[in-house]
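Thanks, everyone, for making the time. I would like to walk through one model this morning, and I will put the sequence and the structure up before I say anything about them.

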Amino acid sequence: NKVMGELLSRIKAVMPLCITSLSGGAKDNAIPRSCQVTAVMLGMHPEQINDIAAQLQQEIRTQYDEPDAVISGDNVDALGGNALSVELTDKVISFLCSAPNGVQKMSADIEGLVQTSLNLGIATLSDDLKLTFSVRSSVNSEKVELLERLQKLAEIHDATYNQMGDYP
């Protein structure tokens, strides 16, 4: 989901786009294995998208030691559904790119122990966009701080914030 945000951000830098669908991840407490998006990009040639995707794919493969990472784009004729406006799409991309993700702090007491982390486990767009994070920490104040950070990020992007459950 985070990689999709980066890919969309790079495409947006070349041409405005409008997202029509987004689906990534299946479980809130797991790193997503895939994310798919359909977007309207008038005037952009498929080769441009493929060039951007290939560059990002190579970065993911080397920087994150993910040799099997695949990022691809297809030209779709019949999109179906309603596209978000350019402005709303920009907010979605901004949120995806700016949301914290992964290890936030390691334990100072126990070597190799992740103390505070989160992941953007599920991203879906149907009637509205829903991003689901799993936030966890062995230090409650750090977890609360991270939840407040997500809440502020939602406010900045004119989104609503809901919190369910309490995962230590």
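Before the first helix, one term: a residue is called buried when its relative accessible area is under 20%, exposed when that area is over 50%, and partly exposed in between. Please also keep in mind throughout that this is a predicted model.

With that cut-off, the buried residues of α1 are M4, G5, L7, L8 and I11. Around the helix axis they cover an arc of only 165 degrees, and they therefore sit on the same side of α1. That pattern fits a general point about helices, namely that an α-helix has 3.6 residues a turn, so residues three or four places apart point the same way. As for the length of α1, its 13 residues at 1.5 Å a residue should span 18 Å, and the end C-alpha atoms are 19 Å apart, which agrees.

One of those buried residues leads us into the core. Which residues have the most contacts inside the largest nonpolar core? They are L7, I19, L22, F95, L131, F133 and V135, in a core that has 34 residues. At least two residues of this core come from each of α1, β1, β2, α2, α3, β4, β5 and α4. As a general matter, nonpolar side chains in soluble globular proteins tend to be buried together.

Let me turn next to the second largest pocket, which holds about 1,100 Å³ of space. It is lined by 35 residues, and the closest to its centre are K130, L131, T132, T160 and N162, so that L131 appears here as well as among the core residues with the most contacts. Two or more lining residues come from each of α3, β5 and α4, and β5 gives the most, with 7 residues. By class, the lining has 16 nonpolar, 11 polar and 8 charged residues.

Finally, two residues outside the helices and strands. N101 lies in the loop between α3 and β3, and because its relative accessibility is 34%, N101 counts as partly exposed. Its C-alpha atom is separated by 22 Å from that of S21, with the two residues 80 apart along the chain. D158, in the segment after α4, has a phi near 55 degrees, which is a positive value in a residue other than glycine. Is D158 buried or exposed? At 61% relative accessibility, D158 counts as exposed.

Terms used: Residues numbered from 1 in each chain as written. Predicted model: local features only at pLDDT ≥ 70, side-chain atom pairs only at ≥ 80, totals over all residues. Heavy atoms only, no water. Core = buried A, V, L, I, M, F, W, Y, C linked by side-chain atoms within 4.5 Å. Buried < 20%, exposed > 50% of the residue type's maximum accessible area, 1.4 Å probe, protein only. Helix = DSSP H or I, 4+ residues; strand = E, 2+ residues; numbered from the N terminus. 1 Å grid on protein atoms, 1.4 Å probe; cavity = no way out; pocket = protein on both sides within 12 Å on 5 of 7 lines; lining within 4 Å. Points joined across faces, edges and corners; volume = space filled by probe spheres on them. Nonpolar A, V, L, I, M, F, W, Y, C, P; charged D, E, K, R; others polar. Expected span 1.5 Å × (residues − 1). Arc of directions from axis to C-beta.
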